[in-house]
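This report describes a ligand site and the open spaces of one protein model. The sequence and structure are shown first.

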Amino acid sequence: MMRHHVHPKDRGLSEAEGKALIDRLEETRSLSRGEWTDLIRGRTPALAEYLFGRARKIRVRHYGTEVYIRGLIEFTNYCRNDCYYCGIRKSNKNAVRYRLTRDQILSCCEKGYRLGFRTFVLQGGEDRWFTEDRMTGIISEIRRRFPDCAITLSIGELSRGSYRRFFEAGADRYLLRHETYDGVHYARLHPETLSASHRQKCLWDLKEIGYQVGTGFMVGSPYQTAENLADDMLFLKELNPQMVGIGPFIPHHDTPFAHMPAGTLELTLFMLGLIRLMLPKVLLPATTALGTIAEDGRERGILAGANVVMPNLSPTEVRENYLLYDNKLCTGDEAAESLKSLDQRFRAIGYHIAISRGDSLNQEIPD
Ligand code: 5AD
């Protein structure tokens, strides 16, 4: 039998090598593609603990022990796209579709404001019923009624013109995960109508217009390699977004990826720690998906360097229909109504919820 040549790094990193890479990442805030790959592939529980200790120190230096909150309003689950992983993809005929009215959206904001939210995230599928005019009307009205709040949009890929109009109407922030940087990997997760490069172009447009931008990716999505994650880190470095949302891939039973394995808590936490070291001031949510794969997922996320949570502010009767993946949390401490108990959970690990807009410290001002 022919033996394939084994690269030394394929046998893993020694603990000392791993720590040296983490130290250098903290110092220089960057690594090469090969180093990212080695670190991600060669991670161990001991290395993860070392990383999380560093990540917490940096997080506390910049943001103290505050956890920022955003009220998530999932206002439509109609979507014209057909992403293979997503439960609200167009082809899923079993999804129970809904759309909130303008008044329902505004009521969510009223309720959120009373609960202490100062950021509203309008998230939805790519639903053309919400035309540019309708969206602009909704954004202007939220801006008028809540001058002290941040308005975040998460409504997918649109023209630069639409993005600009929403910004001028009063939107401050935009969330659009790049999902995966690599075009070939992207094409294995999406139909041909969608491309990694167009998604990235949208992010650059958003930045140029002046939005505070959030991007991110799924961890453990089907066919993902350590090299893909390395490319995601290099892309984050280049884009330098204000926020990075990452969470484990979780299969949804009515999608082509129903039988694919889920991403792990362990790798997601490791990636959170790496992002905190690379982008010290970034806003880093402990996402719903993280809270879904493990009961203590959000706390573990905070302890790995995260500093944001996004409880659900949607009307209770539609919450269960915004099912991007199986068992998605929408009740209990995931619900905006349970801020007190969420706060208690964070206090138990030395953190607490802050009532503020929670702007990023990363405003492109060199430090
Ligand atoms: N598992 C985990 N995350 C998912 N998303 C969509 N489907 C899934 C899934 N099955 C994420 C995508 C999207 C965000 C709103 O939710 O990254 O950008």
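A polar contact is a pair of N or O atoms within 3.5 Å; within protein, one must be able to donate a hydrogen and the other to accept it, and residues adjacent in sequence count only if both atoms are side-chain atoms. The model is predicted, so local features need pLDDT of at least 70 and side-chain atom pairs count only at pLDDT 80 or more, while totals for chains, interfaces and linings use all residues. Residues are numbered from 1 along each chain as its sequence is written, and side-chain values use heavy atoms, with hydrogens and water left out.

**The ligand**

Three of the ligand's contacts are tabulated here.

| Protein partner | Ligand atom and distance |
|---|---|
| R177, side-chain N or O atom | oxygen, 2.9 Å |
| E179, side-chain N or O atom | oxygen, 2.5 Å |
| I250, backbone N or O atom | nitrogen, 2.7 Å |

On its own the ligand has 400 Å² of accessible area (Shrake-Rupley method, 1.4 Å probe), of which the protein covers 87%. Around the ligand (a heavy atom within 4 Å) stand Y85, C86, R177, E179, M218, P248, F249, I250, L324 and Y325. This shell comprises 8 nonpolar and 2 charged residues, with no polar ones; Ala, Val, Leu, Ile, Met, Phe, Trp, Tyr, Cys and Pro count as nonpolar, Asp, Glu, Lys and Arg as charged, and the others, Gly among them, as polar.

**The largest cavity**

On a 1 Å grid over the protein atoms alone, a cavity is a set of points where a 1.4 Å probe fits but cannot get out, and a pocket is an open set with protein on both sides within 12 Å along at least five of seven lines; lining residues have an atom within 4 Å of a point. The ligand takes up the space of the largest cavity, meaning that more than half of its atoms lie within 2 Å of the grid points. This cavity holds about 930 Å³ of space. Of its 45 lining residues, Q123, S154, R177, E179 and L324 are the closest to the centre. Strand 7 (243-248) is among the elements giving two or more residues to this lining, and strand 7 gives the most, with 4 residues. The lining divides into 24 nonpolar, 11 polar and 10 charged residues.

**The second largest pocket**

About 200 Å³ of space lies in the second largest pocket. Its lining includes P45, F52, R56, E266 and R300. Helix 3 (45-63), helix 10 (265-278) and helix 12 (297-303) each supply at least two lining residues, and helix 3 gives the most, with 5 residues.

Technical notes. Grid points are joined across faces, edges and corners, and a volume is the space filled by probe spheres set on the points.
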